[in-house]
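Please open the model in your viewer and keep the selection panel at hand. The stops below say what to select next and what is to be found there.

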Amino acid sequence: MSVSANDSAKVSVRGFLAKYSVLIAFAAIVIFFAIASPTFLTPANLFNVLVNNVVMLAIVALGLTIVISSGGIDLSVGVSVDMASMIFVMLLAAGYSGVVGVAGGLGAALIVGILNAILITRLNISPFLATLGVLFIGQSTQQLATSGGQPIYLTSGYAADQFNAIARTALLGIPTPVVVLIVLAVAVHLLLHRSVFGRYVQAMGAQPGVAWYSGIRVPRELSMVHVLCALLAGVTGILLSATVKSYVPLSGNAFLLDAIGATFIGTTLSHERKPSVIGTLLGVLLLAIVKNGLLLVGWNFYWQQVGIGVLVFLVLAASFGLRRAAH
Amino acid sequence: MSATVLHGEVGVSDEKQAAAKSAGRRFGALVVRLGAIAAFAAIMAYFVVFAPGFTSTFNLINVVEQSAILGVLAYGMTAVIIGGGSDVTEGGIDLSIAANMGLCAAVYATLLSMGYGDFLSVLAAIAVGMAVGALNAIAVVGLGILPLLATLAVLNVAAGMELTLTQNTVVGASSPLLGLLVSGSFLGISALAWALIVFSAIMIAVIHGTAFGLRLYAVGGHPEAARAAGLSVPFYVSFTYVLSGFCAAVASILTVSRLSASTPGSGELLLSVLAAALLGTVFSRRFVPTMGGTLLSVLFIGLLANGFQLLNVSSYWVNGVQGALILLVVAITSFARGSEGSR
């Protein structure tokens, strides 16, 4: 008896460690860098991390969180980022107002999302292959539109400066891009975890067949999922262009693997490994803090990548391995 | 064609509606599959007629040479997908394969430039490749991490280590082996083309000609059934990841020989490798990944790029057409699958 009680205690400790491995890792990393680098915990540095490393990746990852919740994947988020960025910059460069630029940019992302939706729901192509195909087409489109990948720079026109200013100002002491992220994160959280649409999405992710027989209009909801993901990526594209005042072809793809990683790191928070907005944001923060911390400690860019890979590997190993042992 | 007629006759003579129906379905699937292959053939025919020099032996061998690296990598990916199952999020996939090739190439070129001989350098490259594969295997099989995630983390590690090793520069390399691969030829076919031919023959023989290969399909197709039948699922799945690492190492030697150097940016090959491995399923009767199918799709991708080059079409089109073709082929395939009923 005492042995089994002891075992179950061990199991629950393991279960606890597995469940909170991301949080524990997160805390350990923050403490480590706080000791290792005096500048790490300064407001200026944290502000820098938030604005430069978190916001854009987090918005892309929010979109992927919706898609991955529905049981799919979107490899073309980079294309949505790039297309929004390209159209936005082209419109501003041609002298249109900021409103037209934003509308055009989001419209371009919308087209990518609708294309994905048609391929997945009408032609029954698996999300992985459909969005892979769109990724290839998107890359070609950008190369053709920019004669092989020439960046477009915004010369200081009125709208361009205005946007750059917005990207760099603060609202009530919070940088505007962060405000945008908070609004979007709350919206996606409510949509995914508190709305009927969210329940449908979760149902499709858990049991696609059951969702279908329960009368959920799977194609319609799935289309919505992919359109939302593309639009969120489009927001990142516009923020990116507004911040760097240019469009650099094929730059959006850099978000893809990090966003997938962040979303799946977030899934380790839930027992059923379901993606959640809070988990995703935590995943993004974890990646951003490690990047920044390694930089402050003096590791160069190349070692940072190794460090992030090793760290993500260890977090995943702890979460998956301990949970497996707990069962 | 004669095979389909035969199927039809069997169905009717049995006078069982179900049999006739299934024969009809099979016929439909065959038509669709032939349709996809016909689309490939039509594109090839167009190149044969309109692209000058497309069918010359020199050009075709050139295409085989150019396809060697992609082909070897795609075999590794195909093996992983066969052994892990083709489910998108839970199934087998090796996202680290291209980065692994980059790391192996960097190790190989660096050791050569430090004066170590071919033997040691090749051995080291293969050891590194298989070690990265073993890391994937431990993560996926030992720790139970989703392949998509595990190999994503390993991708970062491998890519980062390549950058650290080379400082993001080109590392020049030359050696007797590289010289042989670049300029050697046998029966009028260059060494690089031979590398692909021999490697293809081995992979097709091992996966499609042995009991081992059959068991690998069983493990990927239905792990529980395979386990119940007494197969060691962890062993087979681990094997595919280590094999994938080995393929990355072989490809790295080919890429160093082609470029006479290890160069940054090999990670960009990943999407083409995935496309080749997945596109290859259309060449199989049951739409499963096969080595032969992968070879055909690799050659097809190579011929496509080559044909465009000969027609003087901007290379910017190649990705887009490749993407559109993947979508076309997969749409047709999923249509055929739908008409076959659920698998």
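Begin by selecting B:Arg258, which is partly exposed at a relative accessible area of 36%, where buried means under 20% relative accessible area, exposed over 50%, and partly exposed in between (1.4 Å probe, protein chains only). This is a predicted model, in which local features need pLDDT of at least 70 and side-chain atom pairs count only at pLDDT 80 or more, while totals for chains, interfaces and linings use all residues. Residues are numbered from 1 along each chain as its sequence is written, chains are lettered from A and ligands numbered from 1 in the order in which they are written, and side-chain values use heavy atoms, with hydrogens and water left out.

Now add B:Glu65 to the selection: B:Arg258 forms a salt bridge with B:Glu65, with 3.9 Å between the closest N and O atoms, a salt bridge being a side-chain nitrogen of Lys or Arg within 4 Å of a carboxyl oxygen of Asp or Glu. The pair links distant parts of the chain, 193 residues apart, since B:Arg258 lies in helix 11 (residues 233-259) of chain B and B:Glu65 in helix 3 (residues 57-84) of chain B; helices are DSSP runs of H or I with at least four residues, strands are runs of E with at least two, and both are numbered from the N terminus. B:Glu65 is buried, with a relative accessible area of 18%.

Move next to chain A, which has 14 helices and four strands, and select A:Asp258 and A:Lys291, which form a salt bridge whose closest N and O atoms are 3.0 Å apart. Here A:Asp258 sits in helix 12 (residues 253-267) of chain A and A:Lys291 in helix 13 (residues 277-297) of chain A, 33 residues apart. A:Asp258 counts as buried at 17% relative accessibility, whereas A:Lys291 counts as partly exposed at 30%.

Finally, display the two chains together and look at where they touch. The contact takes 46 residues from chain B and 42 residues from chain A, contact meaning heavy atoms within 4.5 Å. The area buried between chain B and chain A is about 3,800 Å², of which carbon and sulfur atoms give 78%; buried area is the accessible area (1.4 Å probe) that two parts lose on being put together, summed over both. To see which residues of chain B lose the most area to chain A, select B:Leu271, B:Tyr316 and B:Leu327, which together account for 18% of what that side buries. The count of salt bridges between chain B and chain A is zero.
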